[in-house]
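Reader: I'd like to go through this model and ask what the labels on it rest on. Could you set each value against its definition?

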Amino acid sequence: MKLVVAGTGYVGLVTGACLSEVGHKVVCVDIDSNKVEMMKKGISPIYEPGLDELLMSNYEKGRIDFTLDYVNAYKDADVVFIGVGTPEREDGSANLEYVYNVAKQIAENIEKDCLVVVKSTVPIGTNDKVEDYIKSNLKNKVSIEVASNPEFLSQGTAIKDTLHASRIVVGVESQRAESILREVYERFNQPIVVTNRRSAEMIKYASNDFLALKISFVNEIANLCEIVGANIEDVTKGMSYDERIGSKFLKAGIGYGGSCFPKDTKALHWLASDNGYELKTVKATIEVNENQKFKLIRKAIQKYGTLKGKKVAVLGLTFKPGTDDLREAPSIPNVRRLLEEGAEVIAYDPVGIKNFRRIYPSGVNYVENPEDALRDADLAFIFTEWEEIKKVNLLRYKELMNKAVLFDGRNCHDISEALTAGVEYYSIGKKEIV
Ligand code: UDX
């Protein structure tokens with residue numbers, strides 16, 4: 001079977017690498033020549049632990065290749081996976097331009113029967129439309145079918161999430177498409193859930209939006225905990241013993257970011273509205289998250305009146321640890337606010353500085369370790385719970401900072417540690433140590 005993957009972002013490249021790892025022959029297509037050259041050297045254009053090694057070893061074994069030449073890649077493909085981006089439009093809807101570009105290229109070049117598999121997160125009904133679009137633009141007399149096969153990988157653990165997926169969702173409209181995808185995924189030995197295409201598309205949105213809802217719910221409970229004198233960490237611990245609730249995705253903080261939750265909540269909300277239905281829980285999830293991002297900076301401004309002239313240490317820039325991705329990272333609007341306030345910002349992140357510098361090439365002072373950020377600072381914010389940041393003992397904050405005041409947006413430290421160190425400590429859903 002010749003497998004082709006269109007797009008080498010998180011979804012496409014990880015899919016291609018993992019398909020080759022289980023022994024398939026895979027060709028990955030991208031439009032960016034720099035990326036293709038890098039990948040041929042075994043260098044991943046995205047930061048993802050373990051991906052370089054996987055690319056290198058499978059490239060050397062001749063199981064994976066990278067090309068700009070989509071004509072030759074598509075013409076004799078048995079299966080083409082579409083893994084291109086579906087970014088958010090201004091109105092919250094998903095932009096399907098890249099998906100349709102690939103669909104057009106497939107339609108114009110395919111010379112044999114082929115299954116087109118949409119892995120990108122797309123609004124419900126898109127697979128039907130993509131199939132119609134390809135069929136009506138075909139240049140050769142071949143049989144084409146489209147299947148939905150959403151991915152559930154998290155950045156930072158993408159390879160494990162793919163090779164040991166919790167489930168493989170296959171949305172098909174024919175027995176033939178189902179058996180092709182069963183054959184592709186046989187070697188993964190994971191549970192396969194077969195549905196129709198629309199249900200598969202919905203599974204992806206419903207899963208992501210449910211996880212985002214869980215986070216916003218816990219953030220609201222955390223906010224209430226602060227008001228009524230409860231501790232969110234004890235509360236979620238107590239909740240987690242109930243298997244129906246579980247222990248995951250109950251971590252309170254300054255809100256979710258990343259390339260999926262913000263976009264997918266808005267896209268599903270938009271899709272519901274477009275169909276005359278209001279998804280109230282998803283709407284609330286979005287609103288709570290928007291508000292949560294600024295929770296600590298509001299507290300800081302309230303405390304000081306103004307942050308003008310204050311030296312502020314910013315620890316963590318990426319939307320979560322284990323990635324260099326800054327998409328929808330709460331650090332971005334917070335740093336903007338700090339700069340607008342007239343604060344002096346000194347920022348540290350183990351891998352995110354390169355990308356952050358593109359957003360703020362000037363105005364922010366970047367340093368290579370957390371202690372350099374803390375030195376002589378008047379206050380500090382933690383925006384990402386990197387190990388490198390968590391392991392800095394609060395006693396060091398006390399020693400290094402001008403005034404040891406910490407706004408911990410990821411609850412990296414305990415109240416008792418702050419008390420012992422003599423640090424003024426503000427976190428999410430816990431008592432303030434003033
Ligand atoms: C997510 C989904 O987990 C994945 O299944 C989907 O395919 C893509 O979107 P990802 O965006 O990589 O993956 O990150 P994830 O680990 O889910 O975290 C998303 C955001 O939620 C981060 O900003 C994280 O800090 C935040 N989060 C997560 C919390 O605030 N609390 C939690 O308990 C968990």
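Author: Let's start with empty space: about 60 Å³ of it lies in the largest cavity. This is a predicted model, in which local features need pLDDT of at least 70 and side-chain atom pairs count only at pLDDT 80 or more, while totals for chains, interfaces and linings use all residues. Residues are numbered from 1 along each chain as its sequence is written, and side-chain values use heavy atoms, with hydrogens and water left out.

Reader: What makes a space a cavity and not a pocket?

Author: On a 1 Å grid over the protein atoms alone, a cavity is a set of points where a 1.4 Å probe fits but cannot get out, whereas a pocket is an open set with protein on both sides within 12 Å along at least five of seven lines. The volume is the space filled by probe spheres set on the points, which are joined across faces, edges and corners. Searching the whole structure turns up two cavities of 30 Å³ or more.

Reader: Which residues line the largest cavity?

Author: Its lining is Y256, P262, T265, K266, I286, N289, E290, K293 and E328; to count as lining, a residue needs an atom within 4 Å of a point. Both α11 (261-274) and α12 (280-292) supply at least two of the lining residues. Helices here are DSSP runs (H or I, at least four residues), numbered from the N terminus.

Reader: How does the lining of the largest cavity split by class?

Author: Three nonpolar, two polar and four charged. Ala, Val, Leu, Ile, Met, Phe, Trp, Tyr, Cys and Pro count as nonpolar, Asp, Glu, Lys and Arg as charged, and the others, Gly among them, as polar. So Y256, P262 and I286 go down as nonpolar.

Reader: And what about the second largest cavity?

Author: That one holds about 40 Å³ of space. Among its lining residues are N127, A200, E201 and K204, and α9 gives the most, with three residues. The classes come to four nonpolar, four polar and two charged.

Reader: Why are α6 and α9 called oblique to each other?

Author: Helix α6 (residues 126-137) and helix α9 (residues 197-228) pack at about 130°, with axes 8 Å apart. The axes are lines fitted to C-alpha atoms over the stretch in contact, and angles run from 0 to 180 degrees between N-to-C directions. Under 35 degrees is roughly parallel, over 145 roughly antiparallel, 65 to 115 roughly perpendicular and the rest oblique, so this pair is oblique.

Reader: Which residues of α6 and α9 meet?

Author: T126, N127, D128 and E131 in α6 meet R197, R198 and E201 in α9, contact being heavy atoms within 4.5 Å. There are no nonpolar residues in this contact, but two polar and five charged.

Reader: Which domains line the second largest pocket?

Author: Domain 1 (3-195) and domain 2 (203-291) each give at least three residues; the bounds come from an automatic or database domain assignment. The pocket's volume is about 240 Å³, and of its 17 lining residues, P123, T126, K129, W270 and L271 are the closest to its centre. The top contributor is α11, with five residues.
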